[in-house]
Every structure is written in C-alpha cells, then in structure tokens.
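Please look over the chain shown here. A short briefing on its local features comes next.

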Amino acid sequence: MVAMLAGCGAATASPITRTLPSEPTMINYVDPSVVHGLTARTLSTGESGGRRVHAAYPAFAGAPRLTDRLRDVVDDELHRFTWQKTPGDTTAAPEFNVDWMLAAASEEVLGVRLRIGRSMDAGWRESRTTLWYDRADRRVMGSADLIRDDAALATLAGAVGDEMARRGTPVRLDPLRPDPRMFDSLVFNPRGDLVVEFDDGQAGPRDTGRVAVAVPSAVSEPLLSPTGLRARRAVLSASGPSGSAWQDMLAASTDKPPARSSKAGGVDCARTRCVALTYSDGPGPDTGRLLDVLGRHGARATFFSLGSSASARPDLLRRMRDEGHLVANHTWSHRDLSGLTTLMVTSQLNRAQHAIAQAVGQAPTLMRPPYGGIDQRVATVAGELGMAVVRWNADAEDRNDPDPRAIAGRVVARTGPGSIVLMHDFHGPTVDAAPEILRRLTAAGYTFVTVPELYGGRTMRPGWIYDSGAAPEAPERLPASYPGAMRP
C-alpha cells in the first residue's frame, strides 16, 4: 500500500524527533549540531528592487563537493527568481526563500533537503530538492540516484501514479513518468519507507501544497541503489530523543527562564550615551570572530538569531550567553511574516524559540521581524508568545557591501544616543568593520549595551514595537501595515 498526503504542513516535524508519526509521509530530520564541521551559510538576504530574498544552505567541512553543489543549486534558483519579470499589477513584494534540513547523516551518507519557496504573481509556491552525498566514493547525487536503474525508477513511478489514481487525487498522470527531474526529492521516514515529494503544481493543482507519497519498504527497498540502501540505513539508525513530539518540545522550551544578559545592570542609559549594537541572520561562519572582537572591547550586543542557523551552531549561542550578550528570536527561516497566515507566523516564531531556548537554556523575550515587516496581527502573535518586537533606527546597510570601512562609516554617522543599530553577523566585511565601529563610538563616549538596557528599569512589553531607545509603539495603534524602514 502506498500512502499519500497533500497539505502545506506535511514536512514540519521536529528536526530531532524520533517518534514514528502516524502520517507516513512525515519526515524526521537530523539535529545538525551533531554533524561535525557543519555551518549555516547565507548566500543572499535582504530587500532589493522591491524583492525580498533569503537564501541559506549548509556547508560541510568534510564534504566540500556537497557544499559546492548545494550552493550551485541555490544560486541557480535565485538567479531565475532575480530575472523573472515582476507583474505590473502585483500588490505584495515578491519573495524568495530557501530553507534546509538534514534528511540523514551517518558515516556512510549525508542527505540535505532544500525547500525553495517563491511568490511572484500567483501566490506562494514551493519546490523541494534533496541531494545526497555518498561518503564512500565522495560523490554527490540527486535523489533519483537512490534508485537502482531506469527500470526501477519506472517501477517506482508506476506505483506512485497507480496509488494517486486509486485515491482519486486530481493529478496530471502524464508527468508521473520515470524522469529524474520528477523524482528529485526522495527521502525516508523513520520506518524506512521511501517518501516521494513533488513540487507544488507538479503532481496536482498548484494550490494543493505539498504532495507526497510513502512507498512501503517492502516495495521500495528492492528498487534502491547501493547509495539508496546506505541512506535508508542512516535514517533507521539515527538517534534522537525517543518519544518526544514536536509540540512537547515546544512546551518544554517555554519552561525556560526569560533570556537576560548576565552582565546587564551596571549602566544607567538615562545618564550615559548608550547604543545597542544588534546582529541579525546568524549565527554564521564569522560569528565566532565577531564575539572575539566584542570581547576584547568589553562590548555587549544583541543577536537576533535564525532558528535554522541556531540549530546548527548551538555552541555559538551558548558562548553569546556566557559572554554577556543577549540572544533573541529572528524566526525560523526568515520569511516575511506580514504575508503569512497567523498559524504560519506562530510556527516561524515557535520553531526558532525552541531551537534558541534549547541551546541557551533561556527563552527569548525579543523578536525581530524579517525585513522589518510588522503589522498589528504579527505584533499580537509576538505578544501572545511573550516577545517584544525590536526593529532599528540606524541601518548599517552592510549585507551586500564588501567594504568594511564604508560599513563602519555609515554606522558611526547614523548612531546617536539610544540607537538600535542593524548589522548582520553572517557577513564577513561586517565583522571586519567591528573593531573600527567600536573604536570610533567608544571615542565618542558611547557604551555598548543590550537592547533592554536602553530602557533601564522599564520592562519591554510583549507585542509592543521598539525602534530605538525612545517610547515604543503600542500594537493596537499600528496601521494595517506599519511604516518605516523595510530592510532585513
């Protein structure tokens, strides 16, 4: 029997859950922090020409060929999006987003699933691609290479098509041919069944969302190539917190104490020229180097971390906490929250909250909306989750600037008492600019504090909007779309 699910939430299981879900197309993912030498990289992020982009992928120290292939895939998709013509009557900003998860990780294989989403003229659409790396011969493979040969792929296509037809699923049957491009996302569920995923609109109506078919191991295992068998073994042998459901782990994260800088309390910003340096979109390959610089200058900062990146480098988040910085929530995968449903906004914030709380043992009380996009609905969700909304009033405009001196010059020129400065710790030139920023602002009499310290003894209220050390904006007074800078 082949089981199928069509729906948007089909692949949002915990990245480290080991329970056997009742829905056979649900996929459990590997905790990236257990993979030695893995870092999260950002290819592009921000807003340019009215388009909002965030494209990330994992990098593996021991598998450079896989890293290169992942970057090429993401770069190609970004290039297509960049050159796609924007419809003249569009009302929402086009958005491009790449999220990633580990489908498997063992001494034999690595599997990386990319979820590539875009919106242009017909709503949000996602495609899914899973790449595999065979450590034995150091070869990168597409998902179709998990299948033994063309005849086996034809058998698989037939089984999937027959089951869709039997269930009366409204699909186009002609695309379900043994084409590797059709079967470019093959993964395994915890039972060892082969899960075949299709892109939105590829095997059904475009608005159906994710369509996936689970082919039981009795049918699929004989079709597998040697690499496919290794991949299946990797999933079956993966370890994790047995019996923990995603909802249970989210609930556990709320039991953590509120996040607070361990070195806060010694500065009176009502009498001192204070500035809050904030860094978004990390942690990344250069975050550790930034922490070194901040430590040498005795400066504290606030890090708005992405949940997907935090799950890959929890050690860096713990170092932030231990060195007196504050770790805050920047959603799971940098989606524009103002364009999501309330349920999706909650999921983006909750997943990041869990990853950060698990890493640092504290629950963030601040969040920053990607692109600065905020409306009353998003602010309300943040408030219900116990987080104040933090934006900025000094933008380094650093994310695509390769010149550290130019970045430092903008930060110094735009900083005033009580400023909240936006920078990005995934960007190497921003880290290179940090010593100059700290030197020049110190010479101007500034003290570097975390965001809550700007407000002294006043509690930052959940759901309220904070752009600087001045008075915050109440969510009930927000217009439908909150005005202001809309950068990342």
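The points below cover one helix, side-chain pairs, ring contacts, a disulfide and two single residues.

The model is predicted. The structure holds one disulfide. The salt bridges come to 30, and the aromatic pairs come to five.

**Helix H9**

- Helix H9 runs over residues 342-360 and has 19 residues.
- From the first C-alpha to the last, H9 reaches 27 Å, close to the 27 Å expected at 1.5 Å a residue.
- The buried residues of H9 include the hydrophobic side chains Val-345, Leu-349, Ile-356 and Val-360.
- Four alanines are also among them: Ala-352, Ala-355, Ala-357 and Ala-359.
- Gln-348, Arg-351, Gln-353 and His-354 are buried in H9 as well.
- Gly-361 follows just after H9 and takes a positive phi of about 75 degrees.

**Charges over rings**

- Arg-351, one of the buried residues of H9, lies over the face of Trp-332.
- The distance from Arg-351 to the ring centre of Trp-332 is 4.3 Å.
- Arg-368 places its charged end over the ring of Phe-304, 4.2 Å from the centre.

**Salt bridges**

- Arg-139 pairs with Asp-137, and their closest N and O atoms are 3.4 Å apart.
- Arg-139 is partly exposed at 43% relative accessible area, and Asp-137 is partly exposed at 40%.
- Arg-181 forms a salt bridge with Asp-179, with 2.9 Å between the closest N and O atoms.
- Are the two partners buried or exposed? Arg-181 counts as exposed at 63% relative accessibility, whereas Asp-179 is buried at 12%.
- Arg-414 and Glu-397 meet through their side chains in a salt bridge of 2.9 Å, N to O.
- Arg-414 lies in helix H11 (residues 404-414), and Glu-397 lies in the loop between strand S16 (394-395) and H11, so this pair ties together parts that are 17 residues apart in sequence.
- Arg-414 is partly exposed, with a relative accessible area of 36%. Glu-397 also counts as partly exposed, at 33%.
- Glu-47, Arg-52 and Asp-336 are joined into one network by salt bridges that share partners.

**Aromatic pairs**

- Trp-132 and Phe-188 pair edge-to-face, at 6.4 Å centre to centre and 75 degrees between the planes.
- This pair links distant parts of the chain, 56 residues apart. Trp-132 sits in strand S6 (residues 124-134) and Phe-188 in strand S8 (residues 186-188).
- Trp-132 and Phe-188 are both buried.
- Tyr-279 and Phe-303 form a stacked pair, with 5.5 Å between centres and 20 degrees between the planes.
- Tyr-279 belongs to strand S11 (residues 274-280) and Phe-303 to strand S12 (residues 301-305), so the pair ties together parts that are 24 residues apart in sequence.
- Tyr-279 is buried, as is Phe-303.

**Disulfide**

- Which cysteines does the disulfide join? Cys-269 is linked to Cys-274, S to S 2.2 Å.
- The link of Cys-269 and Cys-274 is left-handed, with -90 degrees about the S-S bond.
- Both of these cysteines, Cys-269 and Cys-274, are buried.

**Thr-39**

- Thr-39 has its place in strand S2 (residues 38-48).
- Why does Thr-39 count as buried? Its relative accessibility is 17%, and buried means under 20%.
- Beyond its neighbours within four places in sequence, Thr-39 is in contact with Tyr-57, Pro-58 and Ala-59.
- Pro-285 and Arg-313 are also in contact with Thr-39.

**Met-26**

- Where does Met-26 lie? Met-26 is in the loop between strand S1 (3-7) and S2.
- Met-26 counts as buried, at 19% relative accessibility.
- Met-26 and Val-213 are 187 residues apart in sequence. In space, the two are 10.0 Å apart, C-alpha to C-alpha.

Definitions and conventions
Residues numbered from 1 in each chain as written. Predicted model: local features only at pLDDT ≥ 70, side-chain atom pairs only at ≥ 80, totals over all residues. Heavy atoms only, no water. Helix = DSSP H or I, 4+ residues; strand = E, 2+ residues; numbered from the N terminus. Expected span 1.5 Å × (residues − 1). Buried < 20%, exposed > 50% of the residue type's maximum accessible area, 1.4 Å probe, protein only. Salt bridge = Lys/Arg side-chain N within 4 Å of Asp/Glu carboxyl O. Contact = heavy atoms within 4.5 Å. Phe/Tyr/Trp six-rings, centres within 6.5 Å; stacked < 30°, edge-to-face > 60°. Lys NZ or Arg CZ within 6 Å of the ring centre and 35° of its normal. Disulfide = S-S within 2.5 Å.
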